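Please keep the sequence and the coordinates at hand while reading the paragraphs that follow. They begin where the two chains meet and then turn to the interior and the backbone.

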Amino acid sequence: MPVFTKEVATELFGELWMRMIKETEFGPNLIESKMSILFVVDVPDITMFVDENGPVFDDEAKTRVPTVTMKMDGDTVHKFWLKQIFIPKALAMRQIKAKGPVGKVLQLLPLLKPGQAMYPEYCKKFNLPI
Amino acid sequence: MKYFDINLDLSEDDIALRDAARQFAEQEMRPVAKLLDRMSAEEGIAEDSPLWPFLKKAYSLGYHKILLPEYYGGLGLSPLQVNLVYEELGWGSFGLGVLLAVVSFPFYLICVTNNDEMIEKFVKPFCDCTDGSIRGCWAITEPGHGSDVIAVGEEYFESPKMKGDIRAKLEGEQWVINGQKSAWVSGGTIATHALLHIQIDPSKGFAGNGVCLVPLDLPGVSKGKPLEKIGQRDLNQGEIYFDDVRIPKDYMFVDPDFYVEMLDIILAAANLCMSCWSIGLSRAAFDEALSYTKERIQGGRPLIEHYTTKQRVFDMFARVETARAISRAAINLNLNISPPHVEYSLVAKTQCTEMAFKNTHDAIQLLGGNGLTKEYSAEKLFRDARSTLIEDGNNETLSRHGGHILMETYPRAPLDF
């Protein structure tokens, strides 16, 4: 059984992305590096697009053109935000697939760290395993 | 010599980067490469060698951090820009082009690990370095092993009979390293840090390998003499020895669980670089042949006006354009997807190096006796090109590996995201 449902993931990441953009260096860094991200998630099936304006989901997200696309399943998303994934291994083993200039993908990883620091709070709020 | 780019969509930034690299290649790389080519390997790295001011200049302009992300101080170039710049560096000198890339390899892999502590400790100082004093190397080849270290898919690759010349053993929180790498480690005798491929679990043969970072100032590290060779003499290569060298546990980035898959990713990137420099090498041979045949009079008219010369010069031009098209297509694919489709990097490396070799051969043929002399660059280009057919995996081994990938994956499904 996947770690979160589509409804939980949509609410959780809707809040998380907005907080990251408004309260941390993530927002300014996105603007400075001219980055936008599309997360394509399997199980549950969710598509999230994020730029400096905040996240949009599913049909609206699919119409956007991102700098970097990352594809993974829901459980991997959860582990990724908990920093329980070793990125080189996840990429090599195809647990995470990425599309977009490799330099931008590498640049994205440190940008997401403020969100990884906040994520355990959301796990408590949404009763997700840590 | 400038060339017409059939990509009409190059941005102003793309063109500026390419032109700056061309100027650097012409004014800095060519003269130093020529000097180093005529020195002994020892003289090439001696205190008064022109290598050191060259590296200082290259680092001050940022050519050591082409592959690194902007966030850490790298140049953050797009895949096309990497191709454009590396072609120019390959035109200037294939060997020095290789050196300027391998110096960054350990630091590039650290970026992939996203390990804050190591990024602060190693990557940022490397990106900030402007004097050439921090230099990585890619230590994969071993004295007892040539291209079989990359023979993924062959039954012997995973056999315990494949005994590495260098082993790592975990003792508490440290890896203890013993053994040696071969004389073919590019930048090996002048490196300060190594990206080291090493056997961890001998029961799995080379599938039991790992990849780690080793600062080369640690106790127990020593280096051999720089290698004398026929081609790419401007590229320092040499052995590194490890005698009870201890590194922290987290310096091992890749363990046997995913070594085979990671090896493919590393090879895919390295082979793309080889293809880019090969375009430059092909073009250097074409440039020299074209200039010479316009000036050299035979039978009362310039060589270029002779029927067979026109044909040969056109074939050389066609190889440059073909190599560029293949290399750009492969880099556009494999530096835009993770994990990469390795077979396209292998196509680019094997085909571009073969075309570079043919072009340098044709350049000598067109220059005739002059092509055999040190007065012209054709003979150096030829020797450099010959090395590329073996470098980073000989082309036969790479083709076999490509065939193995095709056997398992062809036809690839379209990307599903």
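A polar contact is here a pair of N or O atoms within 3.5 Å, where, within protein, one atom must be able to donate a hydrogen and the other to accept it, and residues adjacent in sequence count only if both atoms are side-chain atoms. The model is a predicted one, and a suitable place to apply that criterion is Gln107(A), whose side chain reaches the backbone nitrogen of Tyr71(B) at 3.3 Å. Gln107(A) belongs to helix 6 of chain A, residues 102-111, and because its relative accessibility is 6%, it counts as buried. Once residues up to four places away in sequence are set aside, Gln107(A) touches Ser33(A) and Met35(A) in its own chain as well as Pro69(B), Glu70(B) and Tyr71(B) in the other.

Seen as a whole, the contact draws 26 residues from chain A and 28 residues from chain B. In chain B, the residues that lose the most area to chain A are Tyr71(B), Ser338(B) and Phe417(B), which together account for 27% of what that side buries. The area buried between the two chains comes to about 2600 Å², with carbon and sulfur atoms giving 62% of it. Alongside this, 10 residue pairs are in polar contact between chain B and chain A, counting pairs with both residues at pLDDT 80 or more. On the side of chain B that touches chain A, the elements giving two or more residues are helix 6 (105-113), helix 8 (259-295) and strand 11 (337-338), and helix 6 of chain B gives the most, with 4 residues. By residue class, that side of chain B divides into 17 nonpolar, 5 polar and 6 charged.

Charged partners also meet across the two chains, where the count is 3 salt bridges. One of them joins Lys71(A) to Asp416(B), with the closest N and O atoms 2.7 Å apart. Backbone pairing spans the two chains too: strand 5 of chain A, residues 97-99, and strand 11 of chain B pair in the antiparallel sense over 2 bridges. Within this pairing, Ala98(A) stands opposite Ser338(B), and Ser338(B) is also among the residues of chain B that lose the most area to chain A.

Which part of chain A is largely enclosed by the rest of the structure? Strand 2 of chain A, residues 46-51, is so described because 6 of its 6 residues are buried. In a regular strand the side chains alternate between the two faces of the sheet. For strand 2 of chain A both faces are covered, since Ile46(A), Met48(A) and Val50(A) on one side and Thr47(A), Phe49(A) and Asp51(A) on the other are all buried. Strand 2 of chain A pairs in the antiparallel sense with strand 1 of chain A, residues 37-42, over 5 bridges, and in this pairing Val40(A) has Thr47(A) as its bridge partner. Strand 2 of chain A also pairs in the antiparallel sense with strand 3 of chain A, residues 54-57, over 4 bridges, with Val50(A) matched to Pro55(A), and these two strands form a hairpin with 2 residues between them.

The backbone deserves a separate look. Most residues other than glycine have a negative phi, and most peptide bonds are trans. In the hairpin of strand 1 and strand 2 of chain A, which has 3 residues between the strands, Val43(A) takes a positive phi near 50°. The peptide bond from Val43(A) to Pro44(A) is cis, with omega near 0°, and Pro44(A) sits in the loop between those strands. In chain B, the peptide bond from Tyr410(B) to Pro411(B) is likewise cis, with omega near -5°, and Pro411(B) lies in the segment after helix 12 (395-409). Asn127(A), in the segment after helix 7 (113-125) of chain A, has a positive phi near 60° and is exposed, at 70% relative accessible area. Asp392(B) has a positive phi of about 60°, but Asp392(B) is partly exposed, at 24%.

Finally, in chain B, Ile247(B) lies in strand 7, residues 238-248, and is buried, with a relative accessible area of 0%. Its contacts beyond four places in sequence include Trp175(B), Ile177(B), Cys212(B) and Leu218(B). Ile177(B) is 70 residues away along the chain, yet the two C-alpha atoms are separated by 8.0 Å.

Note on methods: Residues are numbered from 1 along each chain as its sequence is written. Chains are lettered from A and ligands numbered from 1 in the order in which they are written. Side-chain values use heavy atoms; hydrogens and water are left out. Contact means heavy atoms within 4.5 Å. Buried area is the accessible area (1.4 Å probe) that two parts lose on being put together, summed over both. A salt bridge is a side-chain nitrogen of Lys or Arg within 4 Å of a carboxyl oxygen of Asp or Glu. Ala, Val, Leu, Ile, Met, Phe, Trp, Tyr, Cys and Pro count as nonpolar, Asp, Glu, Lys and Arg as charged, and the others, Gly among them, as polar. Two strands pair if DSSP finds at least two bridges between them. Buried means under 20% relative accessible area, exposed over 50%, partly exposed in between (1.4 Å probe, protein chains only).
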